[in-house]
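Trainee: I am new to this structure and would like a close look at a single part of it. Please take the salt bridges and what surrounds them.

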Amino acid sequence: MTRSSSFAVVAALSLVLVSTACTAPDHAQDEQDIRQWVKAQTEAWNAHDATAWTRDFTDDADFINIVGTVFQGREEIETRHAAIFASIFKTSHAEVTVRKIRFPSEDIAVVDTMHEVTGHTGLPPGVQNTEEGLLRTQMRYVLKRTQKQWRIVSGQNTDVKPAPKPVP
């Protein structure tokens, strides 16, 4: 390969890399918007406001709760959360941490969060505190951008089991 052809190959590759870098979406604002949404949803939980908590679900969203029950549609998700906010989670408080945000495409986001819930007066059958007085769960949401707003199309909540007791 001649020196001029080597230069041409390097120049062509550089142009490809520069054009690819320029077309890659910058999700910094999206991440900021999603973190703000997580904050607002956490505030809605702490206010025990099912309407506000479910506001960003699409009408046809699905949600798998902590015991594996599937709720279909924003209306059912809201109704079921209103019931727990009126009973076992009436005095609960949640702290939510964003663990990871991924963008498999321009208008899809997968959001993983860790929830630490205290102050509850009971738990659903089969669920136990992760630690004394603390329910820790992992939540995964799939969001879709519609008209410049992120909306939840699917969610799943999984409880973190307590550490096994040491064997004597």
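Trainee: Which side chain meets that of Asp-112 in a salt bridge?

Mentor: The side chain of Arg-99 meets that of Asp-112, at 3.7 Å from N to O. Keep in mind that this is a predicted model. Asp-112 sits in strand β4 and Arg-99 in strand β3, and the pair links distant parts of the chain, 13 residues apart. Asp-112 has a relative accessibility of 4%, so it counts as buried, the limit being under 20%. The pair also belongs to a network of salt bridges, in which Arg-99, Arg-102, Asp-112 and Arg-140 are linked.

Strand β4 takes part in another salt bridge, through Glu-116. Its partner is Arg-136, with the closest N and O atoms 2.9 Å apart. Because Glu-116 lies in strand β4 and Arg-136 in strand β5, this pair ties together parts that are 20 residues apart in sequence. The two residues are not alike in accessibility: Glu-116 is partly exposed, with a relative accessible area of 30%, whereas Arg-136 is buried, with 16%. Arg-136 also forms a salt bridge with Glu-131, where the side chains meet at 3.3 Å, N to O. Glu-131, at 43% relative accessibility, counts as partly exposed. In the whole model the count comes to 10 salt bridges.

Next comes His-115, which also has its place in strand β4. With a relative accessible area of 9%, His-115 is buried. Its C-alpha atom is separated by 5.5 Å from that of Arg-136, although the two residues are 21 apart along the chain. Arg-136 is also one of the residues in contact with His-115 once neighbours within four places in sequence are left aside. The others in that list are Glu-95, Val-96, Leu-135, Thr-137 and Met-139.

Strands β3, β4 and β5 come up again at the largest pocket, which has a volume of about 410 Å³. Of the 27 residues that line this pocket, the closest to its centre are Trp-45, His-81, Ile-84, Phe-89 and Asn-157. The elements giving two or more residues to the lining are α2 (28-46), α4 (73-85), β3 (93-105), β4 (108-118) and β5 (135-146). By class, the lining has 18 nonpolar, 8 polar and 1 charged residues.

Helix α4 deserves a few words of its own. It has 13 residues and reaches 18 Å from its first C-alpha to its last, close to the 18 Å expected at 1.5 Å a residue. Buried in α4 are Gly-73, Ile-77, Glu-78, His-81 and Phe-85. An α-helix has 3.6 residues a turn, so residues three or four places apart point the same way. The buried residues of α4 pack against α2, α3 (50-54), β1 (57-64) and β2 (70-72).

Last, the setting of these parts. The secondary structure of the chain comes to 4 helices and 6 strands, and along the sequence they follow the pattern α-α-α-β-β-α-β-β-β-β. Buried residues make up 34% of the 168 residues in the chain. Among contacts between residues at least 6 apart in sequence, 56% join residues at least 24 apart.

Methods
Residues numbered from 1 in each chain as written. Predicted model: local features only at pLDDT ≥ 70, side-chain atom pairs only at ≥ 80, totals over all residues. Heavy atoms only, no water. 1 Å grid on protein atoms, 1.4 Å probe; cavity = no way out; pocket = protein on both sides within 12 Å on 5 of 7 lines; lining within 4 Å. Points joined across faces, edges and corners; volume = space filled by probe spheres on them. Nonpolar A, V, L, I, M, F, W, Y, C, P; charged D, E, K, R; others polar. Expected span 1.5 Å × (residues − 1). Buried < 20%, exposed > 50% of the residue type's maximum accessible area, 1.4 Å probe, protein only. Contact = heavy atoms within 4.5 Å. Salt bridge = Lys/Arg side-chain N within 4 Å of Asp/Glu carboxyl O.
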